[in-house]
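User: I would like to go through this structure term by term and hear the reasoning behind each label. Please set each value against its criterion before you conclude.

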Amino acid sequence: MSSTSDQGAKLAYNANIRSTLQTLAQHSISTPLAQRFQDDPNRAANYSADLGPLFVDYSKHHIDSDILATLCKLASDRGIPEQFTALRAGAHLNNTENRATNYPSLRRWAVTGQSDDEAIDSMYAGMADLVAAVHGGKLTGASGKAFTDVVNIGIGGSDFGPRLVCDALSNQTAPLLKTHFAANIDPSVITEILAAVPAETTLFIVASKSFGTQETRSNANSARAWLRSELELNNVDSHFVAVTSKPESAKAFGIRDDLILKVPEWVGGRFSVWSAFGVAVALSSGMDSFRALLAGGHDVDQHVEQAPLEQNVPVILGLLDVWYRNAWGISSQAVLPYEHHLKLLPIYLQQLFMESAGKSVSCDGEVLEYTTGGVIWGTEGTNGQHSFHQLLHQGSDTIPCDFIASLQSHNPIGEQHQTLVANCFSQSLVLMQGQSAAEIEDALVSGGMATDEAKPLAQHKAMLGNRPSTTILMDQLDAGALGALLALYEYRLFTASFVWGINPFDQWGVELGKQISQTLMGALSGDDTSSLDSSTAQLIARYKKAQAT
């Protein structure tokens, strides 16, 4: 336990962080972003950089040399470089679960052919053999026919990452296997998938780290029962692959030993697409595409390891998140991919950031006196422009935005892709620059409108501007660019979390709801509800009444 003097020092230090950032913010808010560009002709070049296959422009942020220096000093004081070194060395930074967090070792395998960890190398060797067996027709369904479809049964990290990557890469070439995803325990999900796939040639991946996840086991049981009925066979073992850190539990469930891919215990769900939990990606797009995904992430690993703080792009973006959260009081971040096949990215990032940084205590269990993770949301452009961009431009809250675009389309038609990119760039420009009521009034009067009519209308049309954004570009959406993008966001999250002093690798906040749901299963089946609050008891009564009709 920390001594009283240690606790006092921490409180004083945390207060100093907040004070410094808030003082900077007060000075910064008086300098509009548009003014910063006028004052510095080299601003765009100074605050942008290539990052592997990505180009990241963060010049439309409230940042200058003094702010950047202060934020980098904060990162240095909080030991960010040392924590990244410890992460790469396999230190147990996930202290509440006593686990390593060496995700760069997973990505290093794709480039060097080894990870310096026998368990990781064995996992990938088994994954490569399985993918080759499926694609080569060595592993077939019970009737001997080659697989045509694969259903990934998982939830959370066992679903979001593979689903995102499979969808993103499906835009390049026809998938080697048609890929489907069953996550929600809602019976409509698995029912509709089973109605759409051929029983003889469908392979099921049961992806569960613990192999005890309720949703996954329920959907897998439904799939197995359906297969046995459709094929009129009891033995459908060749149709099921398991990805788990608990192989004994998978075997007990009925998965063949040779069809189990074992993942190291320390691999966390929301970071697991880099592991054998990405087998759906390899089955759909090929093992080479999966390696390219990891290699793109490895490019970012190298950058983070080698670049100084003031040039370290993921670190800077993470520090900007801290800057806005703690000095500006901003609690929301929009992710806006102007690329149809990145439409699932905001959902993936919701789990990555909100499950990781949704903490209110430090690594050592002390209640924090400052805010941490915020809300991540968004959708693909240009759809969002016809939905919530009104709030981004004229709402009372400042919401930093990430704009993501490909410079080339896999499906060019006329000027449609050029129009898409023009919209992407215009949105960040207007957020930054805005348009004053006076400018709009002058334009309306010049166009012939009476001054008494133009003045109030101009107030409605005015754009405040001065709203920050990042633009991330890639030449074309491919596995390497996607891998770099996902790794960029991971390091951004790690940076902010380490500054805040929280553990981004656990997720204890999701456990109690799971436990209570098991208790309520009994109540829904008829057990006594007298110990429950009146609201929950009322809801259960209505459910039971509906089942009785």
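User: Why is Glu-355 called partly exposed?

Analyst: This is a predicted model, and in it the relative accessibility of Glu-355 is 22%. Buried would require a value under 20%, and exposed one over 50%, so Glu-355 counts as partly exposed. The residue sits in helix α15, which covers residues 345–357.

User: What makes a residue a contact of Glu-355, and which ones are in contact with it?

Analyst: The criterion is heavy atoms within 4.5 Å. With neighbours within four places in sequence left aside, Glu-355 is in contact with Arg-270, Gln-350, Asp-506, Gln-507 and Val-510.

User: Where does UniProt place the feature "active site", and how do you know whether those residues gather at one spot or lie apart?

Analyst: The unreviewed UniProt entry places that feature at Glu-355, His-386 and Lys-514. They span 160 residues in sequence, and the farthest two C-alpha atoms are 37.0 Å apart, so they do not all gather at one spot. Of these residues, Glu-355 and Lys-514 are included in the lining of the largest pocket, where a lining residue must have an atom within 4 Å of a pocket point.

User: How do you know which strands are the edges of the mixed sheet?

Analyst: The 6 strands of this open sheet follow the order β1-β2-β11-β10-β8-β9, with mixed pairing. Both β1 and β9 (375–377) have a single partner strand, so one side of each is left without a neighbour in the sheet, and they stand at the edges. From one strand to the next, the twist averages 15°.

User: What makes β1 and β2 a pair, and what joins β2 to β11?

Analyst: Pairing requires at least two bridges. Strand β1 (residues 48–51) and strand β2 (residues 54–57) have 4 bridges in the antiparallel sense, and therefore they satisfy that criterion. Leu-51 stands opposite Leu-54 in β2, while the hairpin formed by β1 and β2 has 2 residues between the strands and includes Gly-52 with a positive phi near 60°. Between β2 and strand β11 (residues 469–474) there are 4 bridges, again with the strands running antiparallel; there, the bridge partner of Leu-54 is Met-474. Helix α14 lies across β1, β2, β8 (332–338) and β11, at about 130° to β1.

User: Why is the other open sheet, with the order β4-β3-β5-β6-β7, called parallel?

Analyst: The label describes the pairing of its 5 strands, which is parallel. As an example, strand β3 (residues 149–153) and strand β5 (residues 202–207) run parallel and are joined by 5 bridges, and Asp-149 has Thr-202 as its bridge partner in β5. Helix α8 (residues 157–169) lies across β3, β4 and β5 at about 150° to β4, and helix α9 (residues 187–194) lies across β3, β4 and β5 at about 160° to β4.

User: Which residues of helix α5 are buried, and why are they said to be on the same side?

Analyst: In α5 (residues 80–88), Ile-80, Phe-84 and Leu-87 are buried, a label that requires under 20% relative accessible area. They cover an arc of only 55° around the axis, which puts them on the same side of α5. In general, an α-helix has 3.6 residues a turn, so residues three or four places apart point the same way. What covers the buried residues of α5 includes α4 (65–77), α6 (103–112), α13 (287–306), α14 (313–327) and α20 (479–500). After α5 comes Gly-90, with a positive phi near 85°.

Terms used
Residues numbered from 1 in each chain as written. Predicted model: local features only at pLDDT ≥ 70, side-chain atom pairs only at ≥ 80, totals over all residues. Heavy atoms only, no water. Axes fitted to C-alpha atoms, helices over the stretch in contact; angles between N-to-C directions. Buried < 20%, exposed > 50% of the residue type's maximum accessible area, 1.4 Å probe, protein only. Arc of directions from axis to C-beta. UniProt positions renumbered as here; feature names shortened; annotations may be inferred. 1 Å grid on protein atoms, 1.4 Å probe; cavity = no way out; pocket = protein on both sides within 12 Å on 5 of 7 lines; lining within 4 Å.
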